[in-house]
Amino acid sequence: LKRKQKQLAKEARQQAISDAVASADTMDVVFIRHGQSEANVAENEGPEHYDAVLTEEGHQQALAVNKLPTLGPIPHEEVDTLFVSPLRRTLQTANNVFKDRLPRKIVIVPEAREIYWAMHSCRGHVGEDWHAFLNDPKYIAPEFRARIVNPEVMDEPSQHFHPEEEGNVVNSSTVLGDRWTPQTTDGAAELLQSKACLALQQFVNKLAHCQKTGTAGKKIAVVCHWGVIFNITRVKPSNCEVIHTKWFQHPEQLQNAPQVSSKDIAAHNRKFHAS
């Protein structure tokens, strides 16, 4: 009897979500993980993989997404706002995915960086180094760069993107554990992970605000990372996988596309903060 009651309650909740999506003012958000990077194929990540760039395979993966008719239900050219992590592999991926099919505007979002801040590949560049990469047509097309509305956000380090400070914390500590769950004898890596949690929550809040206010339009694309996508959608994305979601009313009511089961984003954030 209890099992049947639970099943009925689950079905009722799913129907309520479906009804809300059908009737509410929704926002489509398509998440795209970056293409294969040099760090992805490295046996052991080291300093040489700092802010890793794409491999040739990664470039081809992103170009394959460019050739898709749509990103989920959204034609490339109809994306109102493209949010992009400032790491080099995501910039390259976005550049290829939207080659000759540019979104209406592009926003750099430091909070969308990969969440494993103790790893070399997940720390990046700011200031002149970041702008030099962005302005090099070998990496980023001038047409793509011209759609970026806030390049100045990377002029200086910020609360959620301070590579030098993060590197000093890790370099001054004895790092234990594996590459995904770093620990330190003084708790430094754990502190970085806590800050990464805060950054991710800020990004989720940003998306929720966009849905509420409509300031970014109704068709959003996000080029970011495995950890960001997984902790928002609970999907484990492969390189350049496209994941469509619908947002409505509040961030705890995230409705994924049919091929992905519905999840409670608020519960996920609580688990993420506790991990």
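## The largest nonpolar core

Let's start inside this predicted model. Its largest nonpolar core has 30 residues, and the members that touch the most others are Phe31, Phe83, Phe203, Val222, Ile232 and Trp247. Where do these core residues come from? Five elements each chip in at least two: the strands β1 (27-33), β6 (219-224) and β7 (242-247), plus the helices α8 (188-213) and α9 (226-233). Of these, α8 hands over the largest share, with eight residues.

Now zoom in on Phe83, one of those well-connected members. Leaving out residues up to four places away in sequence, Phe83 touches Val107 and Val109, then Lys206, Leu207 and Cys210, and also Ala216, Ile220, Ala221, Val222 and Val223.

## A second core

There's another core too, separate from the one above, and it has 29 residues. Val53, Val84, Trp130 and Phe144 are among them.

## A cavity inside

How do you look for gaps in a protein? Rolling a probe the size of a water molecule over the atoms shows where empty space is left. Searching the whole structure this way turns up one cavity of 30 Å³ or more. It holds about 40 Å³ of space.

Which residues line this cavity? They are Pro110, Glu111, Arg113, Ile115, Trp117, Ala196, Ala199, Leu200 and Val228. Once again α8 shows up: it gives the most to the lining, with three residues. As for character, seven of the lining residues are nonpolar, two are charged and none are polar.

Technical notes: Residues numbered from 1 in each chain as written. Predicted model: local features only at pLDDT ≥ 70, side-chain atom pairs only at ≥ 80, totals over all residues. Heavy atoms only, no water. Core = buried A, V, L, I, M, F, W, Y, C linked by side-chain atoms within 4.5 Å. Buried < 20%, exposed > 50% of the residue type's maximum accessible area, 1.4 Å probe, protein only. Helix = DSSP H or I, 4+ residues; strand = E, 2+ residues; numbered from the N terminus. Contact = heavy atoms within 4.5 Å. 1 Å grid on protein atoms, 1.4 Å probe; cavity = no way out; pocket = protein on both sides within 12 Å on 5 of 7 lines; lining within 4 Å. Points joined across faces, edges and corners; volume = space filled by probe spheres on them. Nonpolar A, V, L, I, M, F, W, Y, C, P; charged D, E, K, R; others polar.
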